[in-house]
Amino acid sequence: HGPAYQVFGSIGGVVRRFGPLIRHLHIHDYDGQRDHIALGAGHIDFGEVLQALHEVGYEGMLTLELNPEAVPPDQVPAERDKLQRWLDHTWQED
């Protein structure tokens, strides 16, 4: 067995395959044991995921999910800003 997305190669592959059907996406990182950790602290390739969202013309909502035990509430704005920078970078590459 393996990750549920394995048949598509990656999470970005899932986005590319189902992009037109995706309306709302929850964004969080995962390190193999804990999820909802700080962005970039786990195994998720956000560069690829955000690029795939851009390729499919995603215009839906993104919800940043963070566990307060992993990311203290006072650090949430910095995580939001990090995600925004990554989005701006990905969308400006055209």
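**Exercise 1. Place A38 in the chain and list its contacts.**

*Solution.* Start with the location: A38 sits in the loop between β3 and α2. Helices (H or I, at least four residues) and strands (E, at least two) are DSSP runs here, numbered from the N terminus. Next, look for contacts, meaning heavy atoms within 4.5 Å. Leaving aside neighbours within four places in sequence, A38 is in contact with D29, L66, V71 and E79. Finally, try a distance: A38 and R23 are 15 residues apart in sequence, and their C-alpha atoms are 23 Å apart in space.

A word on the model before we go on. This is a predicted model, in which local features need pLDDT of at least 70 and side-chain atom pairs count only at pLDDT 80 or more, while totals for chains, interfaces and linings use all residues. Residues are numbered from 1 along each chain as its sequence is written, and side-chain values use heavy atoms, with hydrogens and water left out.

**Exercise 2. Find the backbone angle that stands out in β3.**

*Solution.* Strand β3 covers residues 35–37, and H36 is found in it. Check phi at this residue: H36 has a positive value of about 65 degrees, although it is not a glycine. Why does that deserve a second look? Because most residues other than glycine have a negative phi. For another positive phi, go to the residue G57 that follows α2, where the angle is near 70 degrees.

**Exercise 3. Describe the chain as a whole.**

*Solution.* First count the elements: there are three helices and four strands. Then read them along the sequence, which gives the pattern α-β-β-β-α-β-α.

Now turn to dimensions. Along its principal axes, the C-alpha trace spans about 35 × 35 × 20 Å. The radius of gyration is taken over C-alpha atoms, and the globule rule is 2.2 Å times the number of residues to the power 0.38. For 94 residues, a compact globule would have a radius near 12 Å; the chain has 13 Å, which agrees.

For contacts between residues at least 6 apart in sequence, 62% join residues at least 24 apart. The accessible surface, from the Shrake-Rupley method with a 1.4 Å probe and with only the protein chains shown as cover for residues, comes to about 6,200 Å², of which 52% belongs to carbon and sulfur atoms.

**Exercise 4. Work out how S10 relates to α1.**

*Solution.* S10 lies in the segment before α1 (11–18). Is S10 buried or exposed? Buried means under 20% relative accessible area, exposed over 50%, and partly exposed in between (1.4 Å probe, protein chains only). At 16% relative accessibility, S10 therefore counts as buried.

Next, examine its side chain. S10 caps the N-terminal end of α1, with a side-chain oxygen 3.4 Å from the backbone nitrogen of G12. The S10 side chain also reaches the backbone nitrogen of G13 at 3.0 Å. Not counting residues up to four places away in sequence, S10 touches Y5 and E48.

**Exercise 5. Decide which residues of α1 and α2 are buried, and what covers them.**

*Solution.* In α1, the buried residues are G12, G13 and V15. Seen down the helix axis, they fall within an arc of 160 degrees, so they line one face of α1; the arc is that of the directions from the helix axis to the C-beta atoms. What covers them includes α2.

In α2, F46, V49, L50, A52, L53 and H54 are buried. The buried residues of α2 pack against α1, β1, β2 (29–30), β4 and α3. At the start of α2, a side-chain oxygen of D45 reaches to within 3.3 Å of the backbone nitrogen of G47.

**Exercise 6. Test the length of α3 and find its buried face.**

*Solution.* The expected span of a helix is 1.5 Å times one less than its number of residues. For the 16 residues of α3 (residues 76–91), that should be 22 Å; the end C-alpha atoms are 23 Å apart, which agrees.

Now sort its residues. E79, K82, L83, L87 and T90 are buried. Viewed down the axis of α3, its buried residues fall within an arc of 135 degrees, so they line one face of the helix. R85 and H89, on the other side, are exposed. To finish, ask which elements the buried residues of α3 pack against. They are β1 (24–27), α2 (46–55) and β4 (61–64).

Key
Polar contact = N/O pair within 3.5 Å; in protein donor to acceptor, adjacent residues only side chain to side chain.
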